[in-house]
Amino acid sequence: MNESHPSTAVPSTPTAEPDGPGCAGGLTVLDPPGTPGSVDAQDDPACPDREDGPSDDRTAPSAAVQDRLAGRLSDITSLHEHTELLARTRGLAATLDAVLASGATMLGARRGMLVTRLPGGGPGQPVGLALDRASLGALETVPAEQSLLARLLREQDRPDQLHSHDLAEDPAIGPRLRELAVHLGLGGAFGLPLATDEDGPLAAALWFYDGPAEPTECQRSLARHYCEIASPLLAKQLESDRIARTTEALRRGLLPDRLPHAAGLRLAARLVPAGLEHSAGSDWYDAIPLPDGTLGLTVGSVSGDGPGAGPGSAPGAAAAMGRVRAALRAYAVLEGEDPVSVLGDLELLLKTTEPARTATAVYAWVEPEERRITLAGAGHCPPVLVGRHGAEFVETSLSAPLGMLTCWEAPGVEFTAERGDTLLLYTEGLARRCGPTLHAGQANLRRAAADAPRDVRTDPDRLCAHLLAVCPAPETPAATDDLMLLAARFE
């Protein structure tokens with residue numbers, strides 16, 4: 001195993017000779033006169049100062065120069081195509097896949113492995129190219145002191161490249177890696193770090209040949225240039241992914257970590273949050289055990305923060321959602337058997353403490369033993385009651401969202417469910433996912449629930465999964481609404 005480290009002195013070395021057809025030996029357009037591989041006055045047959053006589057065409061460049069220029073143009077074009085492809089990728093996973101695939105193409109390798117650097121300094125979950133999960137798992141068992149990727153992730157004394165002609169026979173390779181090279185059929189290997197001056201090491205990539213081999217100097221140069229360009233883009237993707245994961249964890253922390261158990265009632269829920277960079281609001285669901293043994297079920301959505309409300313307001317809406325949900329739980333405990341009063345109190349709180357925001361909501365008071373349900377809605381999608389003979393909407397009266405009118409008011413709805421019925425509460429994001437319009441989406445969602453297989457309808461958890469599966473996401477660049485679904489089945 002050979003390591004190459006960055007030089008600390010300014011080099012004055014000549015440009016390397018091409019290593020193959022079309023290879024430029026670098027990415028500069030012309031070599032300085034007098035360097036090996038360049039053409040000067042004494043070497044160019046077209047030069048008038050040559051002692052052995054001038055050429056018939058003194059202005060025509062030599063074939064060697066033409067070949068070198070053509071090779072370099074090909075190198076630059078290839079590098080441009082791969083970096084352009086990388087710039088068009090969206091998301092961390094797609095970026096890592098693009099780096100592996102482009103690097104393999106430039107190096108003439110078939111397989112590869114890439115790991116990102118964790119905050120503590122160790123390697124993260126590996127990403128593979130033409131390596132299955134079992135192969136990646138086996139390569140993860142290489143001890144850190146033998147790991148080539150770990151060397152490329154060092155903060156200090158980090159090589160700028162690693163290469164081995166034959167991993168299985170290289171005495172500098174640890175025994176575990178040599179053993180795996182034989183087992184997995186890995187021949188030569190070439191590795192590069194992805195790092196920036198500001199962030200340090202971000203990731204490390206290792207490409208494998210099927211037999212003993214090494215990339216040419218031209219291939220190495222292209223791959224190094226590519227990784228230098230890819231590193232700042234990767235840094236942005238890693239930061240974006242970190243923020244998204246942290247935000248999702250915070251948002252999920254504002255919602256129930258588990259659903260309560262109630263005699264005669266089975267509960268299930270699904271949440272698919274939209275990214276905060278795209279979302280225009282934040283949804284909630286809750287199942288609240290009440291002192292008298294009954295249950296309060298609710299779903300809703302908070303949006304807006306005054307003028308210009310939209311995707312940029314989503315973080316604030318998420319925080320407001322947590323406050324609104326906490327207040328609703330308190331109102332439910334105080335007067336949960338009266339859904340109209342619960343939503344009326346919530347509307348007063350919203351107008352007082354969140355005057356620039358609005359909310360839609362549905363709240364249902366459920367008595368499991370009697371299977372009695374009383375609910376009210378505020379500008380929200382009507383619930384669906386799924387029974388043995390189909391599914392129907394629970395028609396709530398038309399009402400405005402909370403926080404929009406001077407005084408919110410709407411009557412409640414009371415009914416009794418049959419044993420085996422399932423009540424579905426959902427937010428607008430799920431309905432819009434199921435159809436081109438809100439009305440069409442609601443109808444499609446009801447139809448999907450009615451047409452669900454019998455064994456699916458008897459299990460609220462499976463019913464939630466089924467409805468998400470049969471209502472495919474629209475072909476849009478990014479989801480702008482959370483998907484929220486709460487199911488309660490009467491046993």
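## Opening question

Which residues of β12 point one way from the strand, and which point the other way? Val-384 and Val-386 go one way, while Leu-385 and Gly-387 go the other, and all are buried. Here buried means under 20% relative accessible area, exposed means over 50%, and partly exposed is in between, with a 1.4 Å probe and protein chains only. This fits a general pattern: in a regular strand the side chains alternate between the two faces of the sheet.

## About the model

This is a predicted model, in which local features need pLDDT of at least 70 and side-chain atom pairs count only at pLDDT 80 or more, whereas totals for chains, interfaces and linings use all residues. Residues are numbered from 1 along each chain as its sequence is written, and side-chain values use heavy atoms, with hydrogens and water left out. Helices (H or I, at least four residues) and strands (E, at least two) are DSSP runs, numbered from the N terminus.

## The five-stranded sheet

β12 belongs to an open sheet of five strands, ordered β7-β16-β15-β12-β13 with antiparallel pairing. Two strands pair if DSSP finds at least two bridges between them. The edges are β7 (265–272) and β13 (390–393), each of which pairs on one side only. From one strand to the next, the twist averages 20°. Angles run from 0 to 180 degrees between N-to-C directions, and axes are lines fitted to C-alpha atoms, for helices over the stretch in contact.

Let's walk across the sheet, starting at β13. Strand β12 (residues 384–387) pairs with β13 in the antiparallel sense over four bridges, and the two form a hairpin with two residues between them. In this pair, Gly-387 has Gly-390 of β13 as its bridge partner, and Val-386 is bridged to Ala-391 of β13. On the β15 side, three bridges join β12 to β15 in an antiparallel arrangement; there, the bridge partner of Val-386 is Thr-422.

## Strand β16 and its neighbours

Thr-422 also has a bridge partner in β16, namely Arg-489. β15 and β16 pair in the antiparallel sense over five bridges, while β7 and β16 do so over eight bridges. In the pairing with β7, Leu-485 of β16 is the bridge partner of Arg-270.

How many of the eight residues of β16 are buried? Eight of the eight are, so β16 is largely enclosed by the rest of the structure. Both of its faces are covered, with Leu-483, Leu-485, Ala-487 and Arg-489 on one side and Met-484, Leu-486, Ala-488 and Phe-490 on the other.

## Helices on the sheet

Helix α10 (residues 438–450) packs on the sheet and touches β12, β13 and β15 (422–426), its direction making about 150° with that of β13. Contact means heavy atoms within 4.5 Å. Helix α12 (residues 460–470) lies across β7, β15 and β16 (483–490), running at about 30° to β7.

These two helices also meet each other: the axes of α10 and α12 come within 10 Å and cross at roughly 130°. That makes α10 oblique to α12; angles under 35 degrees count as roughly parallel, over 145 as roughly antiparallel, 65 to 115 as roughly perpendicular and the rest as oblique. The crossing of α10 past α12 is right-handed, meaning that the near helix is turned clockwise from the far one by less than a right angle (anticlockwise would be left-handed). Leu-445, Ala-448 and Ala-449 of α10 meet His-466, Leu-467 and Val-470 of α12. By class, this contact has five nonpolar, one polar and no charged residues. Ala, Val, Leu, Ile, Met, Phe, Trp, Tyr, Cys and Pro count as nonpolar, Asp, Glu, Lys and Arg as charged, and the others, Gly among them, as polar.

## Another helix pair

Helix α3 (residues 133–140) and helix α5 (residues 175–184) have axes that come within 10 Å and cross at roughly 165°. They are therefore roughly antiparallel to each other. Ser-135, Ala-138 and Leu-139 of α3 make the contact with Arg-176, Leu-177, Leu-180 and Leu-184 of α5.

## Two positive phi angles

Asp-157 is not a glycine, yet has a positive phi of about 55°. Asp-157 sits in the loop between α4 (148–152) and β4 (161–164) and is exposed, with a relative accessible area of 56%. Arg-371 has a positive phi near 60° and lies in the loop between β10 (358–367) and β11 (372–378). Is Arg-371 buried or exposed? At 18% relative accessibility, Arg-371 counts as buried.
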